[in-house]
Amino acid sequence: MSSDSREVILGVGAGIAAYKSADLLRRLQDRGYRVSVVPTPSSLNFVGAATWEALSGRPAHTQVWENVHEVTHISLAQKSGFFIIAPATADLIARIAIGRADDLLTNLILASDVPKMIVPAMHPNMWNDPATKANVATLRSRGFTVLEPDTGRLTGNDSGQGRFPEVSRIVTEFDAMTGNKQDLLGRRVLITAGGTREAIDPVRFIGNRSSGKQGVALARAAQLRGADVTLIAANMDTSTVDGVSITHVESARDMQVELAKEFKTCDVLIMCAAVADARPVTTLSEKIKKAFFTSIELEANPDLLAELARQKSHQIMIGFAAETTEHIDSARSKLTAKSLDIIYVNDVSGGAIFGKDVTHGTILLRNGEEIALKEVSKDALADLLLDYAIRQLG
Ligand code: CTP
C-alpha cells in the first residue's frame with residue numbers, strides 16, 4: 001500500500017491543549033487533508049474519543065488491541081502521508097525519542113517513515129528541563145519537525161515558553177512540511193467534465209468516450225489549493241468530490257444553461273468536457289423501431305467555450321482538445337479561434353487516454369510556449385495546468 005499525501009494522522013497527547021486540537025483538526029480538514037485521530041489513552045481524560053470520532057468521521061483508536069484483525073498500526077501507518085502530534089507532552093516526546101511502542105500512536109510513529117511534526121505544549125519548566133531538551137534535539141536530528149511552543153500565560157498563573165502555538169501558525173508550518181499550496185484561496189474555478197449526450201429517442205443518444213477522470217482530477221487539485229470549485233459533470237460515474245459543488249447535466253444545451261449561471265463569477269474556466277458538436281434535429285418521445293432507424297438528421301450545437309470567451313472579462317480560459325492527427329497545429333488553431341489562454345491537447349490516436357489514469361500530450365500557451373508531457377498522471381497534469389492558470393491570474 002502506498003501512502004497518500006492527503007491522509008494525515010493527528011496524534012493527541014495528554015495535555016490540556018488537547019481541546020485546541022479539535023480546532024486544528026477542522027482547519028486541517030478545511031485545507032483538504034483527510035485526518036485520522038489517534039489519541040493517547042491518557043489524553044482521553046481531556047477530550048474523549050467521541051469528540052474525535054464525530055469531528056473526523058472516523059474511529060479514534062488508542063490501543064493496538066482494538067481491531068486486531070486489521071493490524072491497524074501497520075495499515076494506518078502505511079496509508080498516511082504525514083503525522084502531526086499535537087499537543088505533544090514531555091512524556092510523549094520522551095517515549096517517541098526512546099522508541100517506545102506502548103500505545104497505538106507510538107506504534108504508528110515507529111512503523112512509519114513519513115514526515116512528522118511535533119507540536120509541544122507543557123509547563124515552561126518541563127520544556128526547559130535538560131531531559132526534554134535532549135529528547136527534542138534527538139527527534140530533530142532524526143528528521144522530526146518540532147515546533148517551538150509559544151511564550152505566554154499557562155493554564156495556571158505561570159507564564160513562559162510552553163504554550164500550544166496558535167492554530168494558524170501550526171497549519172502554516174504543516175503546509176510548509178507537506179508542500180500543500182493554497183495559491184487559489186479566494187478564487188472561483190469552474191470546470192466541465194465528462195461527455196455530453198444528445199438524445200435521439202428515450203433509449204438512444206449520440207455520445208463520446210470521455211470518462212470525466214481528468215475533470216475530477218482538476219476539481220480535486222483546485223479544491224486542495226484553496227479554490228471554490230464548481231464542477232459541471234456530464235454523464236460521469238463520479239457523483240461527489242469532497243468539497244466540490246457538482247451539477248449533473250446530460251446534453252450540451254444543459255451544460256450551456258449551467259455555464260451561463262456560473263461563468264460571470266468564476267476566475268478560471270476549464271472546459272474539460274467533450275461537448276458533442278451536433279445533436280439530432282428532433283428527439284422522438286417514442287423509441288424508434290429498427291425498421292425506421294436508418295438515418296439521423298443533425299444540427300450543430302453551440303460552441304460553448306467560444307461563446308463564453310466572447311463574454312469574458314477577467315477569466316482565464318482553458319480548453320482541451322482530443323486529436324488523432326496534427327495535434328499541435330490543430331490545437332494551436334483552436335487556442336486562437338476560441339481566444340483561450342491555455343489549451344491541452346491529448347493525443348488520442350488508437351483510443352489511448354480515455355478512462356485511463358495517465359495522459360500524454362502537450363500544453364500550449366498563448367505566448368507560444370509548448371510543454372510536452374509523456375505518460376503523466378491526470379493528477380499531475382491538473383496541478384500543472386493550475387500552475388499556468390495562476391501564473392496568468394497574476
Ligand atoms: N467545446 C465547446 N463546445 C463545443 C465543442 C467543444 O465548448 N460545442 C470545447 C471543449 O470542451 C474543448 C474545446 O472546445 O475544451 C475544444 O474541443 P474540440 O472538440 O477538440 O474542438 P472543436 O472546436 O469541436 O473542433 P473539432 O471537433 O473540429 O476538432
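This is a dialogue on reading helix, surface and charge features in a predicted model.

Biologist: What should be known about the numbering and the model before starting?

Modeller: Residues are numbered from 1 along each chain as its sequence is written, and side-chain values use heavy atoms, with hydrogens and water left out. The model is predicted: local features need pLDDT of at least 70 and side-chain atom pairs count only at pLDDT 80 or more, while totals for chains, interfaces and linings use all residues.

Biologist: What span should helix α8 have, at 1.5 Å a residue?

Modeller: Helices (H or I, at least four residues) and strands (E, at least two) are DSSP runs, numbered from the N terminus. The expected span of a helix is 1.5 Å times one less than its number of residues. Helix α8 covers residues 167-178, so its 12 residues should span 16 Å, and the end C-alpha atoms are indeed 16 Å apart. Glycine 179 follows α8 and has a positive phi, near 80 degrees.

Biologist: Which residues of α8 are buried, and which are exposed?

Modeller: Buried means under 20% relative accessible area, exposed over 50%, and partly exposed in between (1.4 Å probe, protein chains only). In α8 the buried residues are Val167, Ile170, Val171, Phe174, Asp175, Met177 and Thr178. Seen down the axis of α8, they fall within an arc of 160 degrees, so they line one face of the helix; the arc is that of the directions from the helix axis to the C-beta atoms. Ser168, Thr172 and Ala176, on the other side of α8, are exposed.

Biologist: What do the buried residues of α8 pack against?

Modeller: Contact means heavy atoms within 4.5 Å. The partners are β1 (4-12), α1 (18-30), β3 (80-88), β4 (116-120) and β5 (145-146).

Biologist: Which salt bridge joins two side chains of α8?

Modeller: An α-helix has 3.6 residues a turn, so residues three or four places apart point the same way. Glutamate 173 and arginine 169 lie in α8, four residues apart, about one turn of the helix. Their side chains meet in a salt bridge (3.8 Å, N to O). The term stands for a side-chain nitrogen of Lys or Arg within 4 Å of a carboxyl oxygen of Asp or Glu. Glutamate 173 is partly exposed at 32% relative accessible area, and arginine 169 is partly exposed at 26%.

Biologist: How many salt bridges are there by this rule, and which residues are linked in a network?

Modeller: Side chains of opposite charge can pair when their charged atoms come close. The count is 26 salt bridges. Asp91, Arg95, Arg100, Asp102 and Asp103 are linked in a network of them. Aspartate 102 meets arginine 95 at 2.5 Å, N to O, and arginine 100 at 3.3 Å, N to O. Arginine 95 counts as buried at 12% relative accessibility, aspartate 102 as partly exposed at 34%, and arginine 100 as partly exposed at 41%.

Biologist: Is arginine 279 buried or exposed, and what does arginine 279 touch?

Modeller: Arginine 279 lies in strand β14 (residues 278-280) and is buried, with a relative accessible area of 11%. Not counting residues up to four places away in sequence, arginine 279 touches Glu198, Arg253, Glu297, Leu298, Glu299, Ala300, Asn301 and Pro302.
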